[in-house]
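Here's a quick tour of one model, with a few backbone oddities along the way. Have a look at it first.

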Amino acid sequence: MTESTWEPILRLLILSQPISSRETRHYFESEIMQTATFTAHPGFRVGEVDPRLFGSFIEHLGRAVYGGIYEPGHPEADDQGVRQDVLALVRELNVPIVRYPGGNFVSGYNWEDGVGSVEDRPRRLDLAWRTVETNEMGTNEFVAWSDRAGSETMMAVNLGTRGADAARNLVEYCNHPGGSAWSDLRISHGYKEPHKIKTWCLGNEMDGPWQICTKTAEEYGRIACEAAKVMKWVDPTIELVACGSSSSGMATFPAWEATVLEHTYDHVDYISLHQYYGNRDGNLPSYLARSVDMEKFIRTVVATCDYVKAKKRGKKDINLSFDEWNVWFHSNAADAAMEPWQIAPPQLEDLYTFEDALVVGLMLITLLRNADRVKIACLAQLVNVIAPIMTVNGGPAWRQTIFYPFAHASRYGRGVALDLKVDSPSYETTDLGSVPYIDVMATANAEDDTVTVFAVSRSQDEPFALNGNLSAFEGYSVVEHIVLTHPDPKACNTVDAPETVVPHCGGDAGIAGGKLTATLAPLSWNVIRLAKRF
Ligand code: AHR
């Protein structure tokens, strides 16, 4: 017998022994398991985690709004048509900011269509998604919904068919206290207090040929600069996001970013990144490696921002708004066959698998690892459309697999992101080189004296030992070790079986003498929560 044939037998023998303590078990296991190690120290900081890192997105698209957050007549809807069951799930997901109203939709949107008396609002053809938009929900209703969800609104303006004028009027309508035509119109619509929307997107994916009124980087850079100036003249407290590339795969990436920032550097605060992944060829190791691609994307955009800063002798940094990210591929074929000009058809309704949840977990870890420059990120999207929350019209709402890693990261990934020194065995991929089996990230929250370790195992068959040096965090003990795992990577939650993939607190993490030890199950998302003992 070779050594590798003996290994599983040896493991079974050891694991069948009575376990006197967690440490003893780890001692034996670490003799035979592959091990990943890390060191966490409060002094080694990536940076403060901006709560907006856990944002999401609602677009006028498919059943995100109509049949999603808003469905008058639904048994769970209140007198404003807001679905309370969906609202409860959004609150549980813990989403501090929601981008609205698009997406591709915004590039053809007249915001004036969505304010004032609902009966008078026009029905319009939405050319982005080839549907009919009823405008029953608009700016005021959305901001009111967002408040109730415990979120702020991140508002996008139309720089496709429109420009600086409509954008500055929308800022005036939303944020000016009163005494001007647009702010008084808002007051006459029943909203006396200004909405105080802080974060604004200057258009959406303006480099994409699919976009209504696509632009070159020069054209967009000029329009974005002039829109930014007048928007900030109306309200100097707002922050602005310029459009970066629609994905790192665009032929004009990253020259687009450099040109756009040459025009807008002094007037904007963030540049956007968008990226979606999918397991189109059924290659799981390669799919799980996509977050390494995301990391490369972030680093290239940071380098481009800093290049323009140096060129302009700039004083401030431009930070990153990763305002669309997710898995998106399951629904592509169904969407291609969709009949046009329907109202709220089921578009982009990806049913997410367990392996998708792992990729989402890895993407969250990547965002946290870059929290010094990525200040805003929006999981695209929130309800029904490539979403963690699904609904049936007139029926129930449920949590998709990807709901869980997002909810965990948003709840516990607060405070300071720690710069961990991680060492993990790795595997080879064709396009991304060597990829670690174990990806780990941690946050320390001084507000409640907690430390949270997030870890994903990309290993398909073998458990891994995770050993963390936490000796600098004296007096901390493990509160719980949450695990999301499933024997079938293709397992989904559905309306009939909504609890097929759910987390449990059965992990074995423990800490002794400043050494954290845990077993990471094959293909697993892990959240190890530690708190200071008093
Ligand atoms: O989130 C779905 C779509 O993806 C958005 O409308 C667009 O910005 C991106 O291409």
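## Backbone oddities and cores

Aspartate 449 is partly exposed, at a relative accessible area of 26% (buried means under 20%, exposed over 50%, partly exposed in between, with a 1.4 Å probe and protein chains only). This is a predicted model, where local features need pLDDT of at least 70, side-chain atom pairs count only at pLDDT 80 or more, and totals for chains, interfaces and linings use all residues. Residues are numbered from 1 along each chain as its sequence is written, and side-chain values use heavy atoms, leaving out hydrogens and water.

Aspartate 449 also has a positive phi despite not being a glycine, and so does asparagine 384. Most residues other than glycine have a negative phi. Here's the pair, with strands taken as DSSP runs (E, at least two residues), numbered from the N terminus:

| Residue | Phi | Loop | Relative accessibility |
|---|---|---|---|
| Asparagine 384 | about 65 degrees | β12 (374-379) to β13 (389-391) | 0% |
| Aspartate 449 | about 50 degrees | β19 (438-445) to β20 (450-457) | 26% |

The loop between β4 (97-100) and β5 (124-126) holds proline 101, and the peptide bond leading to it from tyrosine 100 is cis, with omega near 0 degrees. Glycine 103 sits in that β4-β5 loop too, and its bond with glycine 102 is cis, omega being about 10 degrees.

As for packing, the largest nonpolar core (buried Ala, Val, Leu, Ile, Met, Phe, Trp, Tyr and Cys residues joined through side-chain atoms within 4.5 Å) has 137 residues, and Trp200 and Trp325 touch the most other members. Another core, of 24 residues, lies apart from it and includes Val451 and Leu516.

Terms used: Helix = DSSP H or I, 4+ residues; strand = E, 2+ residues; numbered from the N terminus.
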